[in-house]
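I opened this entry to look up empty space, helix packing and unusual backbone values. My notes follow the structure.

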Amino acid sequence: MKLVVQRVSSASVTVDGAVTGQIGKGYLVLFGAGKGDNKAMCDKLADKLSKLRIFSDENDKINLSIADVNGDMLVVSQFTLYADCSHGNRPSFVNACPPDEANELYEYFCSVIEQKTGKKTQRGIFGADMKVSLTNDGPFTVILEA
């Protein structure tokens, strides 16, 4: 399982011209599930993400969590995080989780994040052609894997 976490001042996702998720300050999380991933991995990454301290405190030290800044999360599924470009020029996605399983893990991950933060997680639409917009704050991007 892979998460690309971007600290943002704002982010949104649009499908067919309609905004399906939108946040101000917080995290845009790109979620990728690979073959063999499971709910225990979701639990581990959700715990890590909810406690991750990548916001600046009053002394400009990277020391605050998303809860400390009352931030929001926008979680977008992205199977292309499992692209294998090691052979040729066209990516292979054989290491990505099958769509039905990936969607189940995506929905589970979002529900665990909501339980941990006590806030509704904004989302994209699994499998849709999504347009993601963001203002990366920093920029500050981290990758979490389980």
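I started with pockets, so I fixed the terms: on a 1 Å grid over the protein atoms alone, a cavity is a set of points where a 1.4 Å probe fits but cannot get out, and a pocket is an open set with protein on both sides within 12 Å along at least five of seven lines; lining residues have an atom within 4 Å of a point. I noted that the model is predicted, that local features need pLDDT of at least 70 and side-chain atom pairs pLDDT 80 or more, and that totals for chains, interfaces and linings use all residues. Residues are numbered from 1 along each chain as its sequence is written, and side-chain values use heavy atoms, with hydrogens and water left out.

**Largest pocket.** I looked up its volume: about 310 Å³. Volume here is the space filled by probe spheres set on the grid points, which are joined across faces, edges and corners. I found 15 lining residues, with Ser77, Gln78, Phe79, Gly127 and Met130 nearest the centre. Strand 6, helix 2 and strand 8 (130-145) each give at least two residues to this lining. Helices (H or I, at least four residues) and strands (E, at least two) are DSSP runs, numbered from the N terminus. I sorted the pocket lining by class and got eleven nonpolar, four polar and no charged residues. For classes, Ala, Val, Leu, Ile, Met, Phe, Trp, Tyr, Cys and Pro count as nonpolar, Asp, Glu, Lys and Arg as charged, and the others, Gly among them, as polar.

**Cavities.** I counted two of 30 Å³ or more. The largest has a volume of about 60 Å³. Phe31, Gly32, Ala33, Ser77, Gln78, Phe79, Cys97, Ala102 and Phe126 line this largest cavity. Its lining has six nonpolar, three polar and no charged residues.

The second largest cavity comes to about 40 Å³. I listed its lining, which includes Ile66, Asp72, Ile113, Lys119 and Lys120. Strand 6 (72-77) and helix 2 are the elements that give two or more residues to this lining. Its classes split into three nonpolar, three polar and three charged.

**Helix pair.** Helix 1 (residues 39-51) packs on helix 2 (residues 99-117) at about 40 degrees, with axes 9 Å apart. Axes are lines fitted to C-alpha atoms, for helices over the stretch in contact, and angles run from 0 to 180 degrees between N-to-C directions. The pair is therefore oblique; under 35 degrees is roughly parallel, over 145 roughly antiparallel, 65 to 115 roughly perpendicular and the rest oblique.

I took contact as heavy atoms within 4.5 Å. Leu45 and Leu49 are among the helix 1 residues that meet helix 2, whose partners include Tyr108 and Phe109. This contact has nine nonpolar, two polar and five charged residues.

**Backbone.** The Gly138 to Pro139 peptide bond is cis, with omega near -5 degrees. I placed Pro139 in strand 8. Asp16, a residue other than glycine, has a positive phi near 50 degrees. Asp16 sits in the loop between strand 1 (2-15) and strand 2 (18-23).
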